[in-house]
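User: I'm new to this structure and would like a close look at just one part of it. Could you pick a helix and walk me through it?

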Amino acid sequence: MANNLSKNLYSKFADEIYNNSPISIFIVNNSGIIKSANKSALALTGLSLENIIAKTIYELVPKTEMFFPKSWWQKVLKRNTNELLTSIKDSKFNEIPIKITAQFNIDSEFHLLYINKLSPLEKVSDELIKSEDKLLAYFNSTSELIVIINKDKIIVTFNRIFEQYVQMVYKAKVKEGDHIVDYITSETIDDFHKNFETAYNGNEVKLEREVFFQNSSIWWAITYLPVRNSLGQILGVAFVLQNIDEKKIAEDSLIKSEERFKLVIEGTNEGWWDWDLQTNQLFYSPKWWHILGYQNNELINIVNFWYKIVHPDDIDFVQSTFQNALASQVRTYEIEFKAKHKEGHFIPMLSRGYILRDENGVAIRVSGLDMDLTERKNNENLLIENQRKLQITQNLACIGNYEIDLINYSWKASSSIFEIIGAKINSIHNVNDFLNLIEPSYKDKVTAIYNRAFETYEPFTTEYQIIKLDNNEARWVIDLANFDLDNNGKPIRILGAIQDITERKSIENNLNKSEVKYRSLIENMDLGILEVDNNEIILKAYPKFCQMVGYTEKELIGKKATDIFLPKFEVDNFLNSTKARELGLSNAYEIQMYNKNKEIIHVIISGTPIFNEKSEVVGSIGIHYNISGRKQIEQELKESQETFEMIFSSSPTPLIITKPETGEIVLVNKAAINLLNLSENELVGKFTDSLFINNNDRNIIKNIIAEKGKVKDLEIKIKNLEQEILSCVLSIEVIDFKGKKMYLKSFTDITELKKIENELTNSFNLVNEQNKRLLNFSYIVSHNLRSHTSNIKSIVGFLGEEESESERLQLTSHLATVSDMLDETLNNLNDVLSIQKNVDLVLQDLKLSFYINKSLALLSEQIIKNEVHFDINIDDKLTIKFNAAYLESIIYNLISNAIKYRKPDIKPIVNISAEIENDKCVFSISDNGIGIDLKKNGEKLFGMYKTFHGNNDARGIGLFITKNQIEALGGKIDVKSKLGVGTTLIITFK
């Protein structure tokens, strides 16, 4: 009894602790399914007990990334702890940082999870990244290639431009730890080893060398610089390369220019000639004859021998250029032409002439130099190769060249400049467009410099900021310019270069600061700086580090950093990072550490070794960059993106995400793929408009977006893979997708709805037409039949009263006439009824030409009598699906009417034609008859018993019957007519 009572009290006590514990407690089975949860757990998740029991622990704690419970044990045992720091999601999908403590196998298959809510992690400022990046700014901003190598010639570090060079030339990605020999050409390797040893022994080496690689070459100014520590001990060698192709090209051009000048003076490179126009005496130097392969004056006695030398294609051009130069007031001229060598081939020649004139400006003497351009043409190819190397150099040095035409002030530049200013290639065309890119505070200064240069033609160099077009970023540039002159010394263009010097300006600003200011900056930077010895004993803790971890410097000095800050699960990661310090190398790594409250913070540590006077590593300085907030933001963004993509993918509405500028498709959901019957690969990367939207709708969409920024419920036509036209309602919204502005386009398929709408419209039109026919028919019945029956009634009345036999006979005759007319009317009405009732007519493929010929045969007597001419243009093979009796009646009525309503004084001409338009047969018959006034009689033309010309044989029934027969089989009839000119009837068969 006492035992049972004790058990009951124990059970009640345990339940009370479980239910009212401030710690959230979950009971789960081996599959991770929640079997129970206390009040704190319900409050943490915001769920009811009924809802939480239906879930698994993975739904609430998705970041565990494991299966329960085996993987959990593996994870906690590896970290030597039974705690796990992660986050849990509440009912509103908010993420809450937590610590989980696990107690496994409290029963055969049940486990306890204790969950404590953690305090929020701190946010991280983006300025921390920028502050850290400044430490490497100088190393990466120079235009020189720099790589630091140790005594074993292993790469210790390198700058960005060296990395870009290796990637561009060797198509490889350089890494720290690579052997520098991998990036040295074979023909220079011996010199490299010799110069490296010289530098490693303490002597700086400088040299210039042309290095050949893959059918091209680059000139380098190479420096081997010993790298020393604070004690002067050599740790390695800085291998520095500066591209001097541009310098070498300039030197080479200068040398060649000087040589040509000497050769001209000495008469050894160009052929000199002189022509006295007053005496008509000509002189050609021996060199001139030698250029063309002749002996001196070999052809001088041949009249107009130079006509035989100049290429036939050039002779007119040479003669006209020369004559124009003599007739004008110019003193010099230049002509390029091809001259025939004695051996038969043609060589390119350049002729420069100087014209001597008398006091009246009349040419009296011409002297000139003719040059063989063969070598220069070959050099042009070499120049192209040099330009290619120059372009590589410009790209590496962030420099580009430009040109300003001083006649129209047009502006042209290399691709490197467009990259510097953030513009599409060739999008800037004049000086003013370029000046508009300058940062406003510098614009007046630069404009004044340009205007002064345009007036004085003096070279200029200036520095200013531009605002990049693609991202509005301010960048520093240096602008160097000179003037290009023509032969008369007149400036014709500006040749300049622009280099991005933003990094250099940043470095200059930093270097201009004093040591005190620099230390003050370090003290106040939002970076946690910590100094430790080789045993991780803390030597100094800067204020920002103390603020980051929650300790005072006094609490930290003399303590072991790893004991205070390092979680056990980060031990291996930390030990790996210290290996670089032991080698005397700087490194950076990401790690998790504790603050004073034992909360995890994520940091990036940039560690630099501290050396003593013997160059021994005695500790390190660690710069700690807190990225906890960034980590949290990244995770939130990731989960937000995943949620959006899940909703996007599963939406029943066809959805497409496109780039706003081009319409390029970025993402499609399954509903859109099904609608268009195209695969995802066939859609993504293509352009929405060109795939399935027509030009008219494209322009409408473009105009709406330009006006309103979005599209709401616009009805458009699209086509799918089978080219089937679909009706859709389009809506376009601007969204942020993966950090970029995109268009979300939704398509609602209303094709079936449109079909139903069209069917209803057609049914309405059909009923409306039938009502019109019924009304017309009822009018005919009520009017015509009443008229006949009234006449019969009157005649019968008179007949009963009349006594005279002759009068009775006359009345009887009238009665017979009226009776015949009544019979005719009834027959006509029966014909109309039979057409309208006969819905099951037999349709056949009928040749139009057969029924036309048949009608012509039946009307042959009238045709001959009235001299009717027929012009028939119908293919004998043309057929239509129609009722034979109706077709015969229609054609007969139309041809007979064309004959009946002819002009009495003109021979009748009837044109008959037929052709296929939009899969339908269009039949046309026109005449030159009396015509019809359509304004007056157009609406009555096809009415029953409607006549317009007073013909005795006109009954007004033919066209009425014809129209009913055509429409009964889905066709239509139209008329074009002008009184006194003629009539055209057009039938469109279904």
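Analyst: **A close look at helix H33**

The buried residues of H33 are Ala884, Tyr886, Leu887, Ile890, Ile891, Asn893, Leu894, Ile895, Ser896, Asn897, Ala898 and Ile899. Here, buried means under 20% relative accessible area, with exposed over 50% and partly exposed in between (1.4 Å probe, protein chains only). Before going on: this is a predicted model, where local features need pLDDT of at least 70, side-chain atom pairs count only at pLDDT 80 or more, and totals for chains, interfaces and linings use all residues. Residues are numbered from 1 along each chain as its sequence is written, and side-chain values use heavy atoms, leaving out hydrogens and water.

Back to the helix. Since 12 of the 17 residues of H33 are buried, the helix is largely enclosed by the rest of the structure. Helices are DSSP runs (H or I, at least four residues), as are strands (E, at least two), and both are numbered from the N terminus.

What about its length? H33 covers residues 884–900, and at 1.5 Å a residue its 17 residues should span 24 Å; the end C-alpha atoms are 24 Å apart, which agrees. That expected span is 1.5 Å times one less than the number of residues.

At the N-terminal end, Asn883 acts as a cap: one of its side-chain oxygens lies 3.0 Å from the backbone nitrogen of Tyr886. Tyr886 is also one of the buried residues of H33.

How values were computed: Polar contact = N/O pair within 3.5 Å; in protein donor to acceptor, adjacent residues only side chain to side chain.
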